[in-house]
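Welcome, and please open the structure in your viewer. This tour goes stop by stop, telling you what to select next and what to look for there.

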Amino acid sequence: MSAAYIWTVILVLGVGTYLIRFSFLGLIGGRRLPDWALRHLRYTAVAVLPGLVAPMVLWPAATGGEVDPARLSAALATFGVGILTRNVIASILTGAVVLYGMLALTAGY
């Protein structure tokens with residue numbers, strides 16, 4: 001690939017993402033959105049986070065993309081504590097403790 005091709009792709013993708021954001025923020029930004037749209041927008045963060053975390057749990061780079069019981073256990077513990085307590089800090093700490101505990105158990109320390 002030539003440098004001109006790579007820069008063309010970068011510029012086209014930059015303009016495309018700008019237009020996507022402008023269509024929502026620039027054209028609709030000053031108007032009141034309907035209640036149904038606001039209700040759906042509230043779930044954006046909740047939908048994005050699992051999309052970012054799931055590949056790291058199911059196909060972690062640390063294991064060469066193989067499923068790892070330690071990471072699955074930590075994810076399940078984090079999810080369970082999050083559901084039960086509704087406390088983000090408790091969920092994160094529980095997940096970290098379970099992950100490091102399971103890694104220590106499976107590594108034979």
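## First stop: L41

Begin by selecting L41, which sits in helix α2, a helix covering residues 35-41. Please keep in mind from here on that this is a predicted model.

Is L41 buried, partly exposed or exposed? With a relative accessibility of 38%, L41 counts as partly exposed. Now show what surrounds it: setting aside neighbours within four places in sequence, L41 is in contact with F24 and L33.

Keep L41 selected and add A3, which belongs to helix α1. How far apart are the C-alpha atoms of A3 and L41? The answer is 39 Å, for two residues 38 places apart along the chain. A3 itself is exposed, at a relative accessible area of 52%.

## Step back to the whole chain

Zoom out and colour by secondary structure. You should find five helices and zero strands, so the pattern along the sequence reads α-α-α-α-α.

Turn the chain around to get a feel for its outline. Its C-alpha trace spans about 55 × 50 × 15 Å along the principal axes. The radius of gyration is 21 Å, whereas a compact globule of 109 residues would be near 13 Å.

Switch on the surface next. What share of the 109 residues counts as buried? That share is 11%. The accessible surface comes to about 8800 Å², and carbon and sulfur atoms make up 74% of that surface. As for contacts in the chain with a separation of 6 or more, 28% are between residues 24 or more positions apart.

If your viewer can colour by pLDDT, try that now. The mean for the chain is 89, with 98% of the residues at 70 or more. Among the elements, helix α4 (residues 69-85) has the highest mean, 94, and α3 has the lowest, 86.

## Along helix α1: a nonpolar patch

Return to the start of the chain and select M1, Y5, I6, W7, V9, I10 and L13. Together these residues make a nonpolar surface patch of about 800 Å². Pick out I6, whose place is in helix α1, residues 3-28. I6 is partly exposed, with a relative accessible area of 39%; it can belong to the patch because patch residues need over 30%.

## Two salt bridges

How many salt bridges does a search of the whole structure find? There are two, and both are worth a visit.

For one of them, select R32 and D35. Their side chains meet with an N to O distance of 3.3 Å. R32 is exposed, at 66% relative accessible area.

For the other, select D68 and R71. Here the closest N and O atoms are 2.3 Å apart. Are the two partners buried or exposed? D68 counts as buried at 11% relative accessibility, and R71 counts as buried too, at 19%. Both fall in that class because buried means under 20%.

Stay with D68 a moment longer. D68 is found in the loop between α3 and α4. Beyond neighbours within four places in sequence, D68 is in contact with P60, T63 and L103. Add V57 to the selection as well: V57 and D68 are eleven residues apart in sequence, and their C-alpha atoms are 7.8 Å apart in space.

## Last stop: R86 and V48

Move on to R86, in the loop between α4 and α5, the latter covering residues 88-107. R86 is exposed, with a relative accessible area of 70%.

Look at the backbone here. What is the phi of R86? It is near 60°, a positive value in a residue other than glycine. For comparison, most residues other than glycine have a negative phi.

Finally, add V48, a residue of helix α3 (residues 44-58). V48 counts as partly exposed, at 44% relative accessibility. Draw a line from the C-alpha of V48 to that of R86: the two are 38 residues apart in sequence and 18 Å apart in space. You can set this beside the pair from the opening stop, A3 and L41, which are also 38 residues apart along the chain but have C-alpha atoms separated by 39 Å.

Note on methods:
Residues are numbered from 1 along each chain as its sequence is written. This is a predicted model: local features need pLDDT of at least 70, side-chain atom pairs count only at pLDDT 80 or more; totals for chains, interfaces and linings use all residues. Side-chain values use heavy atoms; hydrogens and water are left out. Helices (H or I, at least four residues) and strands (E, at least two) are DSSP runs, numbered from the N terminus. The radius of gyration is taken over C-alpha atoms; the globule rule is 2.2 Å times the number of residues to the power 0.38. Buried means under 20% relative accessible area, exposed over 50%, partly exposed in between (1.4 Å probe, protein chains only). Contact means heavy atoms within 4.5 Å. Accessible areas come from the Shrake-Rupley method with a 1.4 Å probe; for residues, only the protein chains shown count as cover. Patches are made of residues with over 30% relative accessible area and no salt bridge: like charges are joined within 9 Å, nonpolar side chains (Val, Leu, Ile, Met, Phe, Trp, Tyr) within 5 Å. A salt bridge is a side-chain nitrogen of Lys or Arg within 4 Å of a carboxyl oxygen of Asp or Glu. pLDDT is the predictor's confidence in each residue, from 0 to 100.
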